[in-house]
Amino acid sequence: MNIISKNDGAKVAYTVRDNRIAFDDQLTINLERYERDDAVHIDICQDKYGGLVAGMIPGVAERYVAQIDIPARSYHFEPDGEDAEGRPKQKKVAQPLDMERVTLTLWGMEG
């Protein structure tokens, strides 16, 4: 995973296990569930009560804590028999999520 420190200050505690990121033992995101054919961006914010929320919620989320960028899903092709004329066919198969391609941007939480 690519880690970017956006600014100075203490960052949210996080752990990574398989395809999941857990933030401060409050919020766990299964990145595999969010992977799509297009890139996906997820904002993690701290609400006015100190809790962590996924997404920007006007009037509730007060500051960015982290951002997750998941690249578009990758595919490969596998043989899939032959068509009616005897030509080889292929099927498109999604690759598993590669956490090395995911970017986690962390924001300082002071202020």
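Which residue in S9 is the bridge partner of Glu78? The tour below arrives at the answer after a view of the whole chain, which is a predicted model.

**The whole chain**

Begin by displaying the entire chain as a cartoon. The chain contains one helix and ten strands. Following the sequence from its start, one meets the pattern β-β-β-β-α-β-β-β-β-β-β. The chain is more spread out than a compact globule, because its radius of gyration is 19 Å, well over the 13 Å that the globule rule gives for 111 residues. Along the principal axes, the C-alpha atoms fill a box of roughly 70 × 25 × 20 Å.

**Surface and interior**

Next, switch to a surface display. The accessible surface of the chain comes to about 7,100 Å², and 45% of that area belongs to carbon and sulfur atoms. Of the 111 residues, 32% count as buried. Among the contacts with a separation of 6 or more, 55% are between residues 24 or more positions apart.

Now select the charged residues. The chain has 14 positive and 20 negative charges, and the mean positions of these two groups are 2 Å apart.

**Strands S8 and S9**

Return to the cartoon and select residues 75-82, which form strand S8. Add residues 88-94, which form strand S9. The two strands run antiparallel and are joined by six bridges. Select Glu78 together with Lys91: Lys91 is the bridge partner of Glu78 in S9, which settles the opening question.

Finally, move to the turn. S8 and S9 form a hairpin with five residues between them. Select Gly86 in this turn, where phi is positive, at about 85°.

How values were computed: Residues numbered from 1 in each chain as written. Predicted model: local features only at pLDDT ≥ 70, side-chain atom pairs only at ≥ 80, totals over all residues. Heavy atoms only, no water. Helix = DSSP H or I, 4+ residues; strand = E, 2+ residues; numbered from the N terminus. Rg over C-alpha atoms; globule rule 2.2 N^0.38 Å. Buried < 20%, exposed > 50% of the residue type's maximum accessible area, 1.4 Å probe, protein only. Contact = heavy atoms within 4.5 Å. Areas by Shrake-Rupley, 256 points an atom, 1.4 Å probe, with all protein chains shown as cover. Lys, Arg positive; Asp, Glu negative; His and termini not counted. Charge placed at Lys NZ, Arg CZ, Asp CG, Glu CD. Pairing = 2+ DSSP bridges.
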